[in-house]
Every structure is written in structure tokens, then in C-alpha cells.
Amino acid sequence: MAHSEEHSGGGTKEILRVTLILTVLTIIELALGFWMMGMPLESTSRLATKITIIVLMLAKAFYIVGYFMHLKHEIRNMIMTIVVPLALFIWFITAFLYDGNSFRHLRNTYDPHFKEQATIKVEKKEGEHAAEGKEARPAEEKGAAVEQPKH
Amino acid sequence: MSSTTTATASKMWGGGKSPFNVEYGKLMMWYFLMSDAFTFGAFLISYGTIRFSTNGWPDPNEVFRSYPFASEGVHAPLVFVSIMTFILIISSVTMVLAVKAGHEMDKKGVVRNLILTILGGLAFLSCQAWEWNHLFHEGAWWGRNPFINHDGTASSTNFTNFFFTITGFHGFHVFSGVIINIVMLTMTLMDKFEKRGHYLMIEKAGLYWHFVDLVWVFVFTCFYLI
Amino acid sequence: MSNEAVVHAHPGLAHEVHGDHHEHHHHETFITKYVFSQDHKMIAKQFLITGMVWAVLGGLMSVLFRLQLGYPDATFPWLEDILGKWAKGGRISDSAYYALVTTHGTVLVFFVLTAGLSGTFANFLIPLQVGARDMASPFMNMLSYWFFFIASVVMLSSLFVETGPFSGGWTAYPPLSALGSASPGSKTGMDLWLIAMALFVVSSLLGGLNYIATILNMRTKGMSMTRLPLTIWALFFTAVLGVLSFPVLLSGFILLIFDRNFGTSFYLSDIFVSGVGALPNEGGSAILYQHLFWFLGHPEVYIILLPAMGMVSEILSINSRKPIFGYMAMVGSLFAIAILAFLVWAHHMFVTGLNPFLGSVFVLLTLLIAVPSAIKVFNWLTTLWRGNIRFTPGMMFAIGFVSLFISGGLTGIWLGNSALDIHLHDTYFVIAHFHIVMGVASMFGMFAGVYHWYPKMYGRYLNNTLGYIHFWVTIAGAYMIFWPMHYQGLAGMPRRYYDYSNWESFKQFVELNRFISTVAMIVFAVQILFLFNFFYSIFKGRKVTSQNPWGATTLEWTAPIRPGHGNWTGEIPEVHRWAYDYGKDGKDFIPQTTPVGSDESEHH
């Protein structure tokens with residue numbers, strides 16, 4: 001039937017090439033992940049690494065969708081019907097994350113009674129033990145007077 | 001939207017045939033996956049939103065640092081999850097090969113590669129089961145978070161809440177993908193597709209399977225790497 | 001249906017092989033014909049009639065709570081007879097009032113105006129107007145209805161549980177929806193509500209994918225996208241909106257289910273419940289739920305409105321005997337509305353603690369919607385301009401739609417401003433706005449569609465006299481109910497309150513509330529008259545004698561008066577022109593199937 005001929009591309013060679021690319025990209029991502037462990041928190045280098053990892057993630061997504069899912073070999077118009085609606089994610093992500101960030105900022109700045117777990121120091125090695133009493137704990141703490149200032 | 005300026009475009013869009021030269025089932029599968037992308041997208045964006053609105057967050061390298069058969073105090077971040085990632089990528093490759101074999105009407109190739117894909121899926125699910133079990137025994141579950149933030153402060157339970165919900169939802173997709181692939185395998189063995197004259201169903205199952213792989217790329221990055 | 005699959009696998013062949021398709025269906029049983037039918041026309045009728053049942057229930061609920069608002073001090077012993085403990089002593093209890101308001105909203109928005117309106121007409125019109133034997137996947141189409149049916153059953157059952165249906169508002173904001181201890185309705189009622197809505201999402205997804213695939217793949221020869229009637233364009237964008245936005249709601253619901261049942265805190269933080277104490281939940285954000293909800297919620301408004309817009313465009317053009325004014329502008333504005341629908345969700349959340357700067361961006365995007373909306377309105381008006389108008393009941397409702405869309409849309413410009421919204425948020429002004437522009441306007445679109453396509457659905461006409469009574473009472477009533485609410489809202493009267501008599505400043509509205517309630521009851525009674533007309537005419541209505549009673553150009557009127565499964569008896573007709581050749585070259589109308597003559601003036 002005519003179907004198999006219409007789909008140009010998708011040969012074994014291409015599959016191997018894409019597999020290789022995906023593997024390499026993943027290894028780079030992992031390497032970056034390991035490298036990032038040594039970086040100080042909230043640093044520019046850490047942020048830059050995270051952004052690089054996200055770019056690599058998008059590259060992987062491109063190869064999976066384009067070659068494994070064969071989208072690159074479909075008719076251009078069909079590619080557009082898939083890719084264009086994905087642009088909605090731009091505003092979806094921007095608005096949500098922006099508002100999330102703003103919510104944290106507003107609470108930290110203007111809510112004198114706001115108190116998050118993140119203000120409570122836990123002894124490093126005690127992590128496991130602290131877990132057990134966890135469920136009841138925040139409630140007690142909230143009941144107690146809140147005086148710890150933020151920042 | 002469809003500017004019918006060029007001759008080829010107007011021929012494709014003139015009616016009486018598919019403008020994309022694909023059967024309706026494939027089209028529906030693609031748009032279903034679009035829809036599902038918004039489901040996962042919404043989950044991951046919610047995760048991001050909560051993370052942005054929380055003051056502290058655990059270090060994934062402190063949390064996901066074990067692998068099976070390792071001794072207790074082992075500290076090997078990213079190792080196990082990289083294995084899981086590779087399993088899924090390889091199963092995606094075998095799925096591509098199955099689809100390709102289908103196009104060539106090569107029943108044997110389809111069967112072989114489908115079996116490999118199913119095994120890959122099961123391997124991934126087993127890994128996930130082990131990891132969940134391990135975390136559970138460390139005290140992590142929905143509503144329970146034994147891990148501490150980067151800076152040594154107590155962490156919000158939303159770290160584990162989102163982790164279990166999103167990887168669980170992804171695992172559910174892997175599971176249904178395995179079921180779909182088993183159905184495809186049975187149908188191939190029963191010569192259903194040979195009689196039909198084409199293996200287009202495999203292609204649709206393949207799309208779904210790659211999508212599952214695709215989602216993992218995002219989940220992997222969001223939870224384990226950054 | 002392996003035969004089907006092969007047929008569809010060769011898009012070029014699809015229609016030829018389909019030719020003998022309908023003959024398989026001659027020996028149908030009652031079950032396959034009326035219950036588990038795969039015929040898109042029967043599924044459309046199932047959607048319509050289920051939607052009508054819901055409309056009656058939802059409307060009745062509004063009558064009941066209007067009774068409370070209009071006569072807060074009176075008692076009606078018969079209420080206790082029908083509602084039992086929810087109306088002790090003949091007065092609706094406060095929790096029953098909230099349950100009624102909530103269920104009225106959910107039912108009308110989702111079950112009536114989404115499933116009942118777009119489900120009905122997408123199913124009925126898409127295959128008939130694009131020239132297809134049926135939907136791309138008739139089986140999935142059937143599943144779509146039955147998922148909706150199960151969702152309906154679950155939602156209905158939530159009315160009868162002991163703790164009552166969910167009562168925290170149709171938007172189901174946490175913590176009311178997330179904590180069982182928040183209110184009686186937040187217990188089992190909310191669980192059932194969530195299950196019903198999840199099933200509803202599945203139904204709309206199955207339907208939407210089918211509509212998109214059918215419109216893209218199954219158009220008949222010559223039916224290019226720019227020759228599609230505007231109904232189809234509108235239904236197409238509706239389906240796209242549904243497919244992309246409902247899953248986000250589903251995600252939001254899944255997180256909510258976890259919050260309810262598994263001790264998570266996605267939406268919960270810093271909560272103190274009296275009698276229970278402080279809850280351990282921490283770190284969540286109720287605003288997150290609102291974002292997720294309105295990411296669907298706003299497109300949902302257009303899911304409801306676009307089908308009505310499409311049908312109104314078609315009906316206005318047919319009954320003005322004029323081509324639609326600005327076809328491409330109409331398509332373009334539908335497209336623009338569909339895109340903007342995804343970008344403006346947070347204008348429902350200006351006063352929630354949303355970042356004000358982000359809010360201002362949402363103001364800008366929201367006000368942009370005025371542009372395509374205005375294009376549509378002016379195109380409708382210019383279509384009517386100097387037309388040879390036939391005032392059929394369908395046409396009356398279509399014109400009524402335009403009127404309502406203008407008066408409701410203009411208040412949208414007020415509400416879209418975040419500064420004004422501080423005053424107007426959660427007042428009766430909002431109620432007036434969205435009931436007119438989305439509720440009643442879409443209802444009018446639906447009525448227009450029913451009156452117009454009834455002859456195609458049942459081979460009979462609806463009674464015209466009853467139709468005119470229905471129209472005039474409904475439009476007058478709609479304005480009399482909702483227009484005064486603008487003033488109440490401007491005066492600061494908040495929505496969702498059980499009893500306003502405790503506030504000195506709202507005492508001036510006692511008479512007005514009573515007036516609104518009275519009109520609401522009259523309008524509801526007239527809808528029952530319409531239902532009588534509908535069911536009576538199925539059996540006793542005047543018979544349609546000609547294939548094309550309205551003198552319309554589109555393909556559904558080339559099919560037999562009562563088409564069987566497969567729609568056309570012979571070949572599917574080929575299309576040679578756009579759908580709006582009215583009053584061209586001295587001819588009243590030229591059907592889409594007529595080839596373009598050599599002496600014809602310039603062809604579209």
C-alpha cells in the first residue's frame with residue numbers, strides 16, 4: 001500500500017542517529033547535574049546551569065517528537081496544528097510562575113502571622129527522626145506564638 | 001487559517017480527503033496527546049508555582065541517592081534515575097523499530113520489538129516501584145516529608161506530594177502504555193493486522209508510547225535535576 | 001468495525017466506500033437505534049433531551065432560590081413537602097440555598113450549555129454540513145454521550161445524599177471544596193461532584209477529538225475550509241478550546257482529590273476550623289486552584305458561546321436572504337476569540353491576592369477581546385442591514401442573541417478593568433453580566449438552533465405561535481430579571497447571600513428582588529411551554545414537505561427530509577461554492593452543490 005512510501009525518512013540510520021543524540025544529551029544533562037551540586041545556592045552559575053538543562057530538555061523533546069513520533073516527516077500544516085497551540089504554554093507558564101513567586105513575596109513581606117516550615121531549623125542528621133512526629137508538628141507550632149521575623 | 005493561495009495547499013484542503021494525508025485515528029491520537037500534554041503541563045506548572053511560592057525546597061540529590069542492593073549509607077545521586085531514563089529511551093527506540101517493521105509488513109520484526117518495548121516498560125515500572133517503596137520506608141508519602149531543605153530547615157510536604165502525584169500519574173501512563181502494547185502484540189500474533197493489510201494501529205500505540213517517554217524527559221528534569 | 005478502519009485508512013476512498021454504509025443499518029433494534037446509537041443525529045437528540053432535563057432541573061433550582069431571595073420572610077409549606085429537611089417550616093434552609101445556587105451553576109454551565117448546546121449541535125450539524133456520512137469515529141461519539149450520561153447520573157445522585165450536594169459555589173474553590181469539615185455539602189456531595197465532573201471531562205474530550213478529526217478529514221469533495229458554514233468554524237474552535245483546556249481542569253481536580261483524601265496540601269495552608277482546630281496542612285496555595293480552574297473556566301465561557309455565535313451567523317444570513325457580512329472577518333474573529341480565551345483567565349481573580357502587575361497584563365489582554373467581539377456584532381448587524389428579513393422564531397431568537405450579546409458584552413468591558421473590579425467583584429453586577437452575555441445569550445443561540453433545525457431533526461415544524469410567545473416572554477423576562485441586577489451590583493449588593501434583610505443598605509431592594517423573582521417564575525413557566533411545544537411537535541407538528549424549507553444553501557438541506565444513518569441515500573453531494581450565496585445574480589439562493597455557471601458574477 002501507498003502508505004509506507006509516503007513517509008519519507010525514518011530509516012534505521014536515522015533512528016540510530018537520534019538514539020545517539022538523545023543519549024549524549026542525557027549524559028550532558030547528568031554531568032551538569034553533578035557539576036551543579038558543588039555550586040552555592042541562589043548563585044548565578046547554578047541558575048545558568050538550570051537554564052542550560054532546560055534548554056537541553058527541550059532539545060530532547062524536539063528529537064523525540066520530531067523523529068520518534070515522526071512529526072518532522074508529516075505535512076507542514078499538520079506540524080503547525082501541533083506546534084502552534086503549544087505556544088499557549090508560554091503564557092501559561094509565565095503567568096503561573098510569576099504569580100507563585102509573587103505569592104511568596106507578598107506573604108513574606110506583608111503577612112506578619114505567616115510562618116512556614118522553612119523557618120524552622122532541623123538538625124542535619126536528624127532528618128529521619130524528625131519525620132515521625134511530622135504530621136502533628138506544624139499544627140502545634142502554629143498554635144504557638146509566632147514571633148520569628150522573616151528574612 | 002488555511003490560506004489556499006498555493007496550488008498544492010488548495011488541493012490538500014479542497015475536501016474529499018485528509019488535508020494532512022493521515023487517517024482520522026492518527027489525527028485523533030495526536031490531538032489527544034496534545035490534550036494530555038496540557039494535563040501534564042498543568043501538573044508540572046502547578047509544581048513550579050508552589051515551588052516558587054515556597055521559601056525552601058529539598059535538594060533532590062539528597063533525596064534520590066539510593067539504588068537497589070546498595071548498602072544503607074550510600075550516597076549516589078542521579079545514578080538510579082539515569083538508569084530509569086535510559087530504560088525508557090531504549091524502549092522508545094524499540095517502539096520506533098516496531099512501527100518501522102509494521103510499515104514494512106514485517107510481522108516478526110513487529111513482534112520482536114513490541115516484546116522488547118513491553119519488557120522495557122515493565123522494567124521502568126519495576127524501578128519506579130522500587131523507588132517508591134524505598135522512599136516510603138524513608139518516611140515519605142503523600143502528606144509526609146522527612147526530607148529537609150537545602151539550608152537545613154524543615155521542608156513543606158508539597159515536595160513529596162507533587163513527587164508522588166506526578167510520577168504516579170506518569171507511571172499510570174506507562175502502565176496503560178504497557179497494556180496497550182500487550183494488546184497490540186496479541187493482535188499482531190493473531191494476524192489481525194496482516195488481514196487488515198496494514199499495521200497503522202501499531203503506529204498509534206507508538207505515538208502514545210513516545211509521548212510517555214517525552215513526559216518522562218520533563219518529569220526527570222523537573223524533579224531530579226533542577 | 002474493522003471495515004471502518006480500513007475505509008478511513010484511505011482518506012481518498014473514504015466517501016466512495018461509505019456509499020453502502022447506511023444499508024447495514026436497516027435491521028436495527030430499538031436498542032441500537034435509540035439507546036446505544038452510533039448515528040450522530042440520534043446522539044445529538046440524546047444530548048439535547050438530556051440537556052433539556054438538566055435545564056428544567058437547573059431552572060427549577062433557580063426558581064427555588066429566587067423564592068427565598070424574593071420572599072425571605074414568607075413560608076411556603078409545600079416546600080417542606082418536596083424538599084423535606086432542606087426546607088423546614090416551609091423556608092429553604094441556608095445550606096439548601098447554597099446547594100441550590102451551586103448546583104444551578106454547575107448544571108447550567110456544564111450539563112446544559114456545554115453538553116446540551118455544543119454536544120447537540122456539533123453532533124447534529126458537523127457531519128451534515130461538511131458532507132460526511134457520520135463522525136470520524138461513531139463509536140467514540142457514542143461513548144462521549146454515555147460518559148456524559150453517567151456523569152449526569154452521578155451528579156443527580158449527589159442531590160440525594162444525606163449531607164446534600166456540594167454547596168461551595170460552582171467554581172468549587174478550596175478550602176470549602178477541599179475540606180470535608182468545611183460544610184455539610186463538602187462531604188459526600190463534593191466527592192460525587194468531582195466524579196461527575198471528571199466523567200464530564202472525559203466525555204467532552206472524546207467528543208471534541210471526534211469533532212476536530214471530522215471537520216479536518218471528512219469534508220466532502222470541494223468543501224474547502226473557506227467554504228465551510230460559520231457554524232462549523234465555530235464548532236471547530238469550540239472543540240479546540242475544549243480539548244486544550246479541559247485537561248487543565250482535570251489536573252486541578254486530581255490535585256483537589258488528593259487534598260481531600262490523601263492529606264496533601266496543594267491548595268491548603270494556614271487553616272483553622274472551629275471545632276477541629278488548626279490543620280497541619282501547610283505550603284499550599286488556594287490561588288493555584290483558582291488559576292487552574294479559570295484556565296479552563298474562561299475558555300469554557302467561549303465553549304458555551306461560540307456554537308451559539310456560529311448558529312446565529314448562519315440563521316441571520318439565511319433569514320435575511322443575504323450573504324453573511326465579512327465571512328473571513330467572522331472566521332478571523334472566531335480564531336482571535338479562541339486564542340484570547342486562553343490568555344485572560346486571571347481576570348476572574350483580580351481580588352484574590354493575584355499580583356497587581358500581572359493583573360494589569362490580564363486587563364490588557366481581556367480588553368482585547370472587545371475587538372473580535374465588536375467585529376462579530378457589526379458583521380451581524382450589517383448582515384441584517386437592508387435584508388429581506390423573515391421573522392421566523394429561529395430568526396427572532398438569533399436577533400435576540402445579538403441584542404443580549406451587546407448588552408452583556410458591554411458590561412464585560414467594565415468588569416475587565418481590575419480597578420473597577422475591586423468594587424464590582426462578587427456583586428450582582430457580575431451575575432447580571434455573565435447571565436446575559438453567556439447564559440441567556442447562549443440559551444438564545446440554542447433556541448435559535450432548535451427552532452431552525454427542528455425540521456431537519458424530526459421532519460416536522462415547531463408551532464410558530466408558541467414559538468413567538470416563547471421568544472417575547474423570554475427576551476422581555478431576561479432583561480427584566482438581569483437589568484435591575486446591574487443597579488443592585490453597583491450599590492454593592494454581594495452575590496450568593498442567603499438573606500439581605502439584615503442590611504440596612506439593601507432594604508431598598510426588597511421590592512426589586514420580589515419583582516425579579518416573579519419574572520423569573522414567569523420565564524421559567526414559558527420554558528415549560530417550549531418543552532411542551534418541542535415534545536408535542538415531535539409527534540403532532542406540521543409535517544415538512546419540501547427538502548429545503550428555509551431556502552438555505554448548506555448541505556444538510558440536500559439530504560432527505562428524515563435522513564437515515566448515512567445521511568444521503570446516494571452519493572455524497574459535491575460542493576462548488578461557499579455557503580452564503582443568497583440574493584446573487586437575481587437568484588434568491590444558490591445551494592452549495594450548484595456548480596459555478598459561466599455567466600455568474602464574480603465567484604467567492
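The expected span of a helix is taken here as 1.5 Å times one less than its number of residues, and helices themselves are DSSP runs of H or I with at least four residues, while strands are runs of E with at least two, both numbered from the N terminus. The structure is a predicted model, in which local features need pLDDT of at least 70 and side-chain atom pairs count only at pLDDT 80 or more, whereas totals for chains, interfaces and linings use all residues. Residues are numbered from 1 along each chain as its sequence is written, and chains are lettered from A and ligands numbered from 1 in the order in which they are written.

A helix of chain A is a good place to begin. Helix α3 of chain A, residues 44-68, has 25 residues and should therefore span 36 Å at 1.5 Å a residue, and its end C-alpha atoms, 35 Å apart, agree with this. Among the residues of α3(A) that are buried (20 or more other C-beta atoms within 10 Å of the residue's own, with C-beta atoms placed from the backbone) are A:I53, A:M57, A:K60 and A:F68. The buried residues of α3(A) pack against α2 (12-37) of chain A and also against α4 (79-103) and α8 (200-225) of chain B. After α3(A) comes A:H70, which has a positive phi near 70°.

Chain B, which supplies two of those packing partners, has 8 helices and 0 strands. Its C-alpha atoms fill a box of roughly 65 × 45 × 25 Å along the principal axes, and 58% of the 226 residues of chain B count as buried. In the unreviewed UniProt entry, whose annotations may be inferred rather than shown by experiment, the "transmembrane region" annotation covers several stretches of chain B, including 162-186 and 207-225. Residues 162-186 of chain B are 100% helix, with end C-alpha atoms 36 Å apart, and residues 207-225 of chain B are also 100% helix, with their end C-alpha atoms 26 Å apart.

Chain B also meets chain C: 41 residues of chain B are in contact with 46 residues of chain C, where contact requires C-beta atoms, placed from the backbone, to lie within 7 Å. On the chain C side, α9(C) gives the largest share, 9 residues. This side divides into 25 nonpolar, 18 polar and 3 charged residues, with Ala, Val, Leu, Ile, Met, Phe, Trp, Tyr, Cys and Pro counted as nonpolar, Asp, Glu, Lys and Arg as charged, and the others, Gly among them, as polar.

Key:
Contact = placed C-beta atoms within 7 Å. Buried ≥ 20, exposed ≤ 12 C-beta atoms within 10 Å, placed from the backbone.
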